[in-house]
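What follows is a walk through one protein model, taken in three steps: a helix, the cores, and the charged pairs. Please keep the sequence and the structure in view while reading.

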Amino acid sequence: MALYSTAVVGLGNMGMRYAFDERMVAQYPHPAHVSALRVHKRSSFMAGCEIETKRLQEFRRAYSDAGAYADVRLMLADEKLDLVCVSVPSVQQARVVQLLIEAKVPMILCEKPFTENAEQARKLMREAKEAGVSLLVNYWRRFDASHQEVVRCIKDSDI
């Protein structure tokens, strides 16, 4: 079974901090990318990257065995990565994804919203395909019971 070297860029709520929220953990055992990648049997969690000093320090304290970076380029220079989860604000996401594509990281998982506009999204998708990089946007909450109920209400014309 292949083991993938993984990292997370953006250590906010979805990237890391939800794992420290008891309510989130009660609903989802591993609600953040870092916590999920650290327990997945096919993941070798290597690094986290965050531009905000306070969050990066929090990451270092919680995960001292992983590389901690304030710059994506430095992380890419130091780490050989198979999968990177990008959990930064959409205004920063295109720039980060572009760097990962250029580095030919084989798999990139992005949080929503993916980019600021459709043109930017199409450009990145095209470049990823040309580089042989798999690019995926995370929409996992569509399976939450609350979201499914909204879908049912819309389909049944209740809304």
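Just after α6, Gly132 adopts a positive phi of about 75 degrees. The model is a predicted one, and this glycine is a convenient place to enter it. The helix that precedes Gly132, α6, has 14 residues and extends 20 Å from its first C-alpha to its last, close to the 20 Å expected at 1.5 Å a residue. At the start of α6, a side-chain oxygen of Asn117 comes to within 3.2 Å of the backbone nitrogen of Glu119.

Which residues of α6 are buried? They are Ala121, Leu124, Glu127 and Ala128. Viewed down the axis of α6, its buried residues fall within an arc of 135 degrees, so they line one face of the helix. The elements that cover these buried residues include α5 and β6. Glu119, Arg122, Lys129 and Glu130, on the other side of α6, are exposed.

From this helix one can turn to the nonpolar interior. The largest nonpolar core has 28 residues, and Val86, Val97, Leu100 and Ile108 are those with the most contacts inside it. At least two residues of this core come from each of β1 (4–9), β2 (43–49), α4 (72–78), β4 (83–86), α5 (90–102), β5 (107–110), α6 (118–131) and β6 (134–137). Helix α5 supplies the largest share, 6 residues. Leu100 shows how such contacts are distributed: leaving aside residues up to four places away in sequence, Leu100 touches Val72, Leu76, Val84, Val86, Val105 and Ile108. Apart from the largest core lies another core, of 14 residues, which includes Val8, Val34, Leu37 and Phe59.

The charged side chains come next. Side chains of opposite charge can pair when their charged atoms come close. Over the whole structure, a search finds 9 salt bridges. One of them joins the side chains of Arg38 and Asp65, with an N to O distance of 3.2 Å. What does this pair connect? Arg38 lies in helix α2 (residues 33–39), while Asp65 sits in the loop between α3 (53–62) and β3 (67–69), so the pair ties together parts that are 27 residues apart in sequence. Arg38 is partly exposed, at 32% relative accessibility, and Asp65 is exposed, at 58% relative accessible area.

Another salt bridge is formed by the side chains of Glu111 and Lys112, at 3.8 Å from N to O. Is Glu111 buried or exposed? With a relative accessibility of 6%, Glu111 counts as buried, because the limit for that class is under 20% relative accessible area. Lys112, at 36% relative accessibility, counts as partly exposed.

In helix α7 (residues 145–155), Glu149 and Arg152 are 3 residues apart, which means that about one helical turn separates them. These two residues form a salt bridge, their closest N and O atoms being 2.7 Å apart. Glu149 is partly exposed, with a relative accessible area of 38%, and Arg152 is also partly exposed, with 34%. Salt bridges with shared partners join Glu149, Arg152 and Asp156 into one network.

Methods. Residues numbered from 1 in each chain as written. Predicted model: local features only at pLDDT ≥ 70, side-chain atom pairs only at ≥ 80, totals over all residues. Heavy atoms only, no water. Core = buried A, V, L, I, M, F, W, Y, C linked by side-chain atoms within 4.5 Å. Buried < 20%, exposed > 50% of the residue type's maximum accessible area, 1.4 Å probe, protein only. Helix = DSSP H or I, 4+ residues; strand = E, 2+ residues; numbered from the N terminus. Contact = heavy atoms within 4.5 Å. Salt bridge = Lys/Arg side-chain N within 4 Å of Asp/Glu carboxyl O. Expected span 1.5 Å × (residues − 1). Arc of directions from axis to C-beta. Polar contact = N/O pair within 3.5 Å; in protein donor to acceptor, adjacent residues only side chain to side chain.
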